[in-house]
Amino acid sequence: MRNVCIVLFAIFTISGLGENDYGLHTAPTINYGDEISRDEISDNEIELPYGITWKVNCTFRRPVVWKHYDPWFDWEPQNYTSTPFYTGDTENPHGAYLTIRNASATMVGRYYCVPLDKIDEKLVTHLNEMASEEIASSIYVFVKDLAQPLVPVPNINYVQKEGGYIPCKASYRDVEVELYNKFDPSDPLPGRPDPTQGFTVPKSLLFFEDGMLCKCDTANYTIHVVVKNDLPEPIITSATDNFVLQGALIRLNCSITILPSQSVEIFWDIFPPATGTNQRMKIGMLEKRPHPELNNRVVFSRELIIENATVQDGKIYQCAVVDNQNNTNYNSYKLTVHEKSDNYAELTSTNNRAVINRKRNTNGEIKPIDILIKDRSYPSNISYPSAKDDPLLSDSSKDKYLMEQTENYVRLTINDPTVNDTGVYTTVEISGAGNEFFDATVIVHGKPFVYMESKYANSGDEEVEFTCYVVGYPLPEVWFGYQRCDNVPWQNCSYAEEATIDEKAVIKSYGIKTKGVYKKIAEHPGIVYCTASNSEGSETTQAYLLMRSRAPKTQLERIPADGLITVGDNVTFICSVIDVDSTIIPTSLRFLTNDKELSQSDRVHQSFFYESEFLKSQLTLINVSLDMSGRMNCRIKSKDAYDTSKAVQFEVVAPIAPRLLSGKEHESIEKRVSESLTLHCHVTGTPQPDVTWTKEGGLQNNNTSLHANGSLSIHSLTKIDFGFYECRAENKAGNITQAWNVKQVKVESTKSIPWEIGRNRSVLVANTTYV
């Protein structure tokens, strides 16, 4: 499946291209090893069990190293190492192992595999940009630390900008996190968290320095925002555009506006660091001058000049400003140098994710998928062809797909993703004569969907081939089963009790589509089952192995199959005929009662429908009478003049109102507490009456048993079980009731009373009754 999405927006870029030895970025390759399935890796993210030791490696043509980094707080994981090794591969001979020991919440974060020659500790903050430029590769590690569901963030070193992320985030997936004003814990702060970064918070909310509370269901902690410095961000201006031609003069000026009492130094750094000395690059002197418009402000500036620019000068130029309190702030400028003035366009993933995996969460939901692509082009005024007929952007798919554009990015959102959305999504950008394609592979995990068609066999020795078509991811295993079934209709055979699994299918896969083939010698008619299973679930379908030479080909059944038919009932018959070749005209299915053909009327309703390989006709007789008893016949005539019929007998009887077979309509019974009780409601009638029991005050369900023969029993009576019981028997001809008054019997007990007569004492017994 390949979906093409053509960008419909005029995008202006201020960013340039990076550089590597070959003029084209290729990031190191991360190898997860056999112990980690690709199904466990989603969006370059992995969740580790608590306490384990985990190892992964990356390989590249030059030496590489693993680095950790979080842009929003000082994250220093203790239990990991980066170990270099040689691969023995001539194309990518260098590698490095990332080893995480005793995995816990403190190890949660993003780890980068970076070429060693691109690392400069002063420029480590560019690791995110290196990944987006495909210079570095990265993976985000979650750890299922149930005791610490939130990532511990002691302090946030927040450089003052126009806002950023507060790293209130979960240690593992499927933990709902909220950010609160500590002084009003009932009101969560606005914003939806990024699972790997946290909450986006504008600068206006940073006055809650000790008042931000990060919470989930089982844990919370206060976030301390430490403003790292009071220096404003420096400004970089250029005498040219960020796109320049080879041989041009480049002038970059870094400036900062501060109070006259402050003093700063300005430094220029280059990323990636240059090898050797560039004689064409000069850095000017630090200059200080009054601000031309603001009183009580001064401007410090320093210029960087490159003469006769070459393609290798296309880099990131960083300006660092340091005051006398050692506070530091930065800004960067990306520059592109091209050999010729030809138009160009470039699209790159913002997070080095060319493959996006998506699974259902614990709630059974699959979250929307975002494909975010960075755009660069020249000239800045780019044009795009019309894409209104593109199926991805058609009116019928507006709720499914959403495309958004900013100055530097294109975003495609796939809402309510299913396995059918798996495929390659291509974004196309055209800039004059230049154009660029970006492919993002989306893989949505889903339970298999299976489909298989029934087949006819002409003779008993013919080999019949069944093809089972499956859509699902991960690619499922496919099994076939066969069940002999000489009775008609075949769909009444019991798969659970009698079917046998013949073999695991040999499958061919095409993306998310799988095809399994099963071959069977047609000795008997039967059912072929196809079952597909993967980690998301299992699904079974069935098809019929049908014999052309076998007769009869029809089946007539009454719904329901048993039970009396009484005057006034509605009776339904279904006639089925195998019609794989579509040779039967539906209206040729006729019903006859006692050899008299029935036609549509107020008392006869007939309809036709297909079910799998069967053509079916349903006949309902409305308000039947005694004279309708007899033989119901179904007759089918095909285009080939093949004629067959099948008949069933049925009888219509007159209804009879319920009557008692034993007992009286009203009875009284005396019982003691703890004795058992059985009440028999023996009734008859046509049709068999329905029996219901009631009791004054309600039946005690935990102490009362109702039986199929209509009787009621109580194993051990309690005081609340005494009272009036009623049995009501009812059918279409009438009803009858039988009632019992169950009384508590009087219990006689004897109590000895001493009686003194004269000087002799004797005991007389007086009988006293207690109820």
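This report covers strand pairing, aromatic contacts, salt bridges and one surface patch in a predicted model.

## Strands around β4

Strand β4 spans residues 54-60. Six of its seven residues are buried, so the strand is mostly covered under the cut-off of under 20% relative accessible area. Two pairings of β4 are described here. One is with strand β2, residues 29-31. β2 and β4 run antiparallel and share three bridges. Within this pairing, T29 has T59 in β4 as its bridge partner. The other is with strand β7, residues 94-100. Here seven bridges join the strands, again in the antiparallel sense. N57 sits opposite Y97 of β7.

As background, strands of a sheet pair through backbone hydrogen bonds, either parallel or antiparallel. In a regular strand the side chains alternate between the two faces of the sheet.

## A four-stranded open sheet

Four strands make an open sheet in the order β3-β9-β8-β5. Its pairing is mixed. The edges are β3 (45-49) and β5 (64-68), each of which pairs on one side only. From one strand to the next, the twist averages 30°.

The contact between β5 and β8 can be followed residue by residue. Strand β8 covers residues 109-115. β5 and β8 are antiparallel and are held in register by five bridges. K67 has Y112 in β8 as its bridge partner.

## Aromatic pairs

How many aromatic pairs does the model contain? With ring centres within 6.5 Å as the cut-off, the count is seven. One of them joins Y80 and Y111. Their ring centres lie 5.2 Å apart and their planes meet at 75°. Planes over 60 degrees apart count as edge-to-face, so this pair falls in that class.

The Y80–Y111 pair links distant parts of the chain. Y80 belongs to strand β6 (residues 80-86), whereas Y111 is in strand β8, and 31 residues separate the two. Strand β8 thus appears twice in this account: it pairs with β5, and it carries Y111.

Are these two tyrosines buried or exposed? Both fall under the 20% limit, so both count as buried. Y80 has a relative accessible area of 15%. For Y111 the value is 0%. Ring pairs also bring in W75, which forms a cluster with Y80 and Y111.

## Salt bridges

The structure has 10 salt bridges. Three of them are listed below, with the N to O distance and the separation along the chain.

| Pair | N to O distance | Sequence separation |
|---|---|---|
| R280–D313 | 2.9 Å | 33 residues |
| K282–E307 | 4.0 Å | 25 residues |
| R631–D595 | 2.7 Å | 36 residues |

Consider R280 and D313. Their side chains meet in a salt bridge. R280 lies in the loop between β20 (264-271) and β21 (281-283). D313 lies in the loop between β23 (298-306) and β24 (316-323). R280 is partly exposed at 24% relative accessibility. D313 is buried at 4%.

K282 and E307 form another bridge. K282 is in strand β21 and E307 is in the loop between β23 and β24, so the contact ties together parts that are 25 residues apart in sequence. K282 is partly exposed, at 47% relative accessibility. E307 is partly exposed as well, at 37%. The loop between β23 and β24 therefore supplies the acid in both bridges: D313 and E307.

R631 and D595 also meet through their side chains. R631 is in strand β50 (residues 630-637), and D595 is in the loop between β46 (590-593) and β47 (596-597), so parts 36 residues apart in sequence are tied together. R631 is partly exposed, with a relative accessible area of 32%. Why does D595 count as exposed? Its relative accessibility is 53%, and the limit for exposed is over 50%.

## A nonpolar surface patch

Which residues form the nonpolar patch on the surface? They are F449, Y451 and Y469. Together they have about 350 Å² of accessible area. Y469 lies in strand β36, residues 463-473. At 45% relative accessibility, Y469 is partly exposed. That value also fits the patch rule, because membership requires over 30% relative accessible area.

Notes
Residues numbered from 1 in each chain as written. Predicted model: local features only at pLDDT ≥ 70, side-chain atom pairs only at ≥ 80, totals over all residues. Heavy atoms only, no water. Patch = residues over 30% accessible without salt bridge, like charges linked within 9 Å, V, L, I, M, F, W, Y side chains within 5 Å. Areas by Shrake-Rupley, 256 points an atom, 1.4 Å probe, with all protein chains shown as cover. Buried < 20%, exposed > 50% of the residue type's maximum accessible area, 1.4 Å probe, protein only. Pairing = 2+ DSSP bridges. Axes fitted to C-alpha atoms, helices over the stretch in contact; angles between N-to-C directions. Phe/Tyr/Trp six-rings, centres within 6.5 Å; stacked < 30°, edge-to-face > 60°.
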